[in-house]
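Me: I would like to learn how to read the packing of a helix in a structure. Please take me through one case.

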Amino acid sequence: MKTMMTVAGSDSSGGAGIQADIKTATALGVFATSAITSITAQNTTGVEAIFDLDAEVVREELRSILSDIPPDAVKIGMVSAPEIIKTIAEELKGYEGPVVLDPVMVSTSGSPLLKEEAMDSLKSLLFPCATLLTPNIPEAELLTGMNIPSVEAQEEAAKALYDAYGASVLVKGGHGTGRAVDVFYDGKIHHYEKPMLDNPNTHGTGCTLSSAIASFLALGLGEAKAVEEAKNYVYDAIADGLDLGRGRGPINHMVRRNK
């Protein structure tokens, strides 16, 4: 049994964060462990409150996992406080497996999830720990200062982040370019395109994609293949048409278990 450790916030509605990561790993046949960074009160309509855990609690979670069930891959999601970011970076020193970092800044419903003062810590301390970054277009624009209105601009942003941080970069599409194209750069450009789906229920897609990539890396796939298979999985989960809640609902993480 391969293992994946997710380091992220808890989503009380179950569509994103730790809950989405564990469901994803389970659906893909990987055992998930977790280090929770924050507790959020949220649902499909928005985030009502965020309560960051004490950094020393996060440290003890990480030490407990790393010392007993060393992960075959790590996924890092919502980390909103500088002291938590510093703690994660310290505890991952020496870890030699793949680390997928999803720079979660804003929720699907539009609620901010990253404190402004944490941005510099995220880039200076955690990005160097990552082997693969998965920003969406708005996040890539914040990280690069670029305007990204096209697939060609996605390519330039991916290259810029790769050059800046030495990690492979997946710039996720679908935000304003008119095409559902994800651009992956690992020294060369890869495009992953699927038809646009008419489904507003996409809560947690970013968390799900990054944890799926980490799961496939844990299973031994190379980065480009892991990204391809993760995109296929998320597409199927959206296309399944799950409809829960009054807002932008979750996708069906268990779609492959149901077939």
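**Helix against helix**

Reply: In α1, Gly-17, Ala-20, Asp-21, Thr-24 and Ala-25 meet Cys-207, Thr-208, Ser-211, Ala-212 and Ser-215 of α7. Here a contact is a pair of heavy atoms within 4.5 Å. Helices (H or I, at least four residues) and strands (E, at least two) are DSSP runs, numbered from the N terminus. The model is predicted, so local features need pLDDT of at least 70 and side-chain atom pairs count only at pLDDT 80 or more, while totals for chains, interfaces and linings use all residues. Residues are numbered from 1 along each chain as its sequence is written, and side-chain values use heavy atoms, with hydrogens and water left out.

Me: How is the packing of α1 and α7 described, and at what angle do their axes cross?

Reply: Two packed helices are described by the angle between their axes and the distance between the axes. The axes of α1 and α7 cross at roughly 40° and come within 9 Å. Axes are lines fitted to C-alpha atoms, for helices over the stretch in contact, and angles run from 0 to 180 degrees between N-to-C directions. The two helices, α1 and α7, are therefore oblique to each other; angles under 35 degrees count as roughly parallel, over 145 as roughly antiparallel, 65 to 115 as roughly perpendicular and the rest as oblique.

Me: Which residues of α1 are buried?

Reply: An α-helix has 3.6 residues a turn, so residues three or four places apart point the same way. In α1 the buried residues (under 20% relative accessible area, 1.4 Å probe, protein chains only) are Gly-17, Ile-18, Ala-20, Asp-21, Thr-24, Ala-25 and Ala-27. They pack against β1, β2, β4, α7 (205-218) and α8 (223-239). After α1 comes Gly-29, with a positive phi near 85°.

Me: In what order do the strands of the sheet lie?

Reply: Strands of a sheet pair through backbone hydrogen bonds, either parallel or antiparallel. Here nine strands form an open sheet with mixed pairing, in the order β3-β2-β1-β4-β5-β6-β7-β8-β9; two strands pair if DSSP finds at least two bridges between them. The edge strands, β3 (46-52) and β9 (189-193), each pair on one side only. Helix α1 (residues 17-27) packs on the sheet and touches β1 (3-11), β2 (31-43) and β4 (73-76). The direction of α1 makes about 150° with that of β1.

Me: How many bridges join β7 to β8?

Reply: Three bridges join β7 (residues 168-171) to β8 (residues 181-185), and these strands run antiparallel. Val-171 has Val-183 in β8 as its bridge partner.

Note on methods:
Buried means under 20% relative accessible area, exposed over 50%, partly exposed in between (1.4 Å probe, protein chains only).
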